[in-house]
Amino acid sequence: LVLSDAFLRKCLVYQNGCVQRASGTAERFMAFRRAERWPFRLMVWDVDVALRTGLHWLLLSDVTSDAPAGCLVFNMAALDPARCSIEQYQKLTLFLMECATDAPAVQQRGVALLADFRQLNVGRFRRALGVEDIKRGLRCWVGSFPCRVRRIWLLGAPMVVRWLIAAVSNFLSAKVRQRIRMTENVKDIAEDLGLCIDLPTSLGGESHFDWDAE
């Protein structure tokens, strides 16, 4: 298996044209995918079950600015390990990011991540998430996928999630740690992302987003 020219270009853009750093990103990407036996390019049939759960929304921007060009929303209340494994949810995250980064604007301006923990079943979350899932979640992102993460919003995060974030922050760069923001109020998110992303009303925006229709 070899990486496509399009993916290698993503690595170059991500690393601001530095061939050596781009090569490192590509090598880490291949090492992770081979270790987990994931294909280099995920297809819709690889994530079909997770895709139908409603846990993820990918919102892309049509605004020209320096702000994030997209927002990947995690509706954590929809997390249901009886429907699919944590690994399958993680695979869907990367599938959506592969699709998003096909757009030059996303390559250049990156994305925001927004995890909505309101109405999360905390007990189910704690039972479902294992150490291997946490390790896999870090390895699939940190230094091994060419996408700029411009914001990380955590909405209504319970204490167990706050403890988890504190633990994994040691594996993140100082720059990424500074981009993590916690809030209980959707107005904070709307003030930050509302001008560049068409947020649904549930997240402080004006869009009447219908997941089933989408």
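Val 47 sits in the loop between α2 and α3 (48-51), with helices (H or I, at least four residues) and strands (E, at least two) taken as DSSP runs numbered from the N terminus. The model is a predicted one, where local features need pLDDT of at least 70 and side-chain atom pairs count only at pLDDT 80 or more, while totals for chains, interfaces and linings use all residues. Residues are numbered from 1 along each chain as its sequence is written, and side-chain values use heavy atoms, with hydrogens and water left out.

Despite its place in a loop, Val 47 counts as buried, at 1% relative accessibility. Buried here means under 20% relative accessible area, exposed means over 50%, and partly exposed is in between (1.4 Å probe, protein chains only). Leaving aside neighbours within four places in sequence, Val 47 is in contact with Lys 91, Leu 92 and Phe 95, a contact being heavy atoms within 4.5 Å. Val 47 and Phe 95 are 48 residues apart in sequence, yet their C-alpha atoms are 7.6 Å apart in space.

Those partners lead on to α4. Ile 86, Tyr 89, Gln 90, Lys 91, Leu 92 and Phe 95 are among the buried residues of α4. In fact 12 of the 15 residues of α4 are buried, so the helix is largely enclosed by the rest of the structure. At 1.5 Å a residue, α4 should span 21 Å, and its end C-alpha atoms are indeed 21 Å apart; the expected span is 1.5 Å times one less than the number of residues in the helix.

Helix α2 tells a similar story on length: its 18 residues should span 26 Å, and its end C-alpha atoms are 26 Å apart, which agrees. Buried residues in α2 include Ala 22, Phe 29, Phe 32, Arg 33 and Glu 36. What covers the buried residues of α2 includes α1, α4 and α7. Just after α2 comes Arg 37, with a positive phi near 60 degrees.

Next comes the packing of the interior. The largest nonpolar core has 51 residues, and Phe 117 and Leu 154 have the most contacts inside it. Such a core is a set of buried Ala, Val, Leu, Ile, Met, Phe, Trp, Tyr and Cys residues joined through side-chain atoms within 4.5 Å. Elements that each supply at least two residues of this core include α1 (5-14), β2 (70-75), β3 (111-116) and β4 (149-155). The largest share, 8 residues, comes from α4. Apart from this core lies another one, of 16 residues, among them Ala 67, Val 73, Ile 189 and Ile 197. As for Phe 117, its contacts beyond four places in sequence are Met 76, Leu 154, Leu 155, Gly 156, Ala 157, Pro 158 and Val 161.

Charged pairs come up too. Side chains of opposite charge can pair when their charged atoms come close. The count comes to 14 salt bridges, each a side-chain nitrogen of Lys or Arg within 4 Å of a carboxyl oxygen of Asp or Glu. Glu 36 pairs with Arg 136, their closest N and O atoms being 3.4 Å apart. Glu 36 lies in helix α2 and Arg 136 in helix α7 (residues 131-139), so this bridge ties together parts that are 100 residues apart in sequence. Both ends are tucked away: Glu 36 is buried, with a relative accessible area of 18%, and Arg 136 is buried at 10%.

Asp 80 and Arg 124 form another salt bridge, with closest N and O atoms 3.9 Å apart. Asp 80 lies in the loop between β2 and α4 and Arg 124 in helix α6, so the pair links parts 44 residues apart in sequence. Arg 124 is partly exposed, at 24% relative accessible area. A further bridge joins Arg 181 and Asp 192 (3.4 Å, N to O). Salt bridges that share partners also join Lys 10, Arg 33, Arg 41, Glu 98 and Asp 102 into one network.

Stepping back to the whole chain, there are 10 helices and 5 strands. Buried residues make up 49% of the 214 residues. Of the contacts with a separation of 6 or more, 76% are between residues 24 or more positions apart. The C-alpha atoms fill a box of roughly 45 × 40 × 35 Å along the principal axes.
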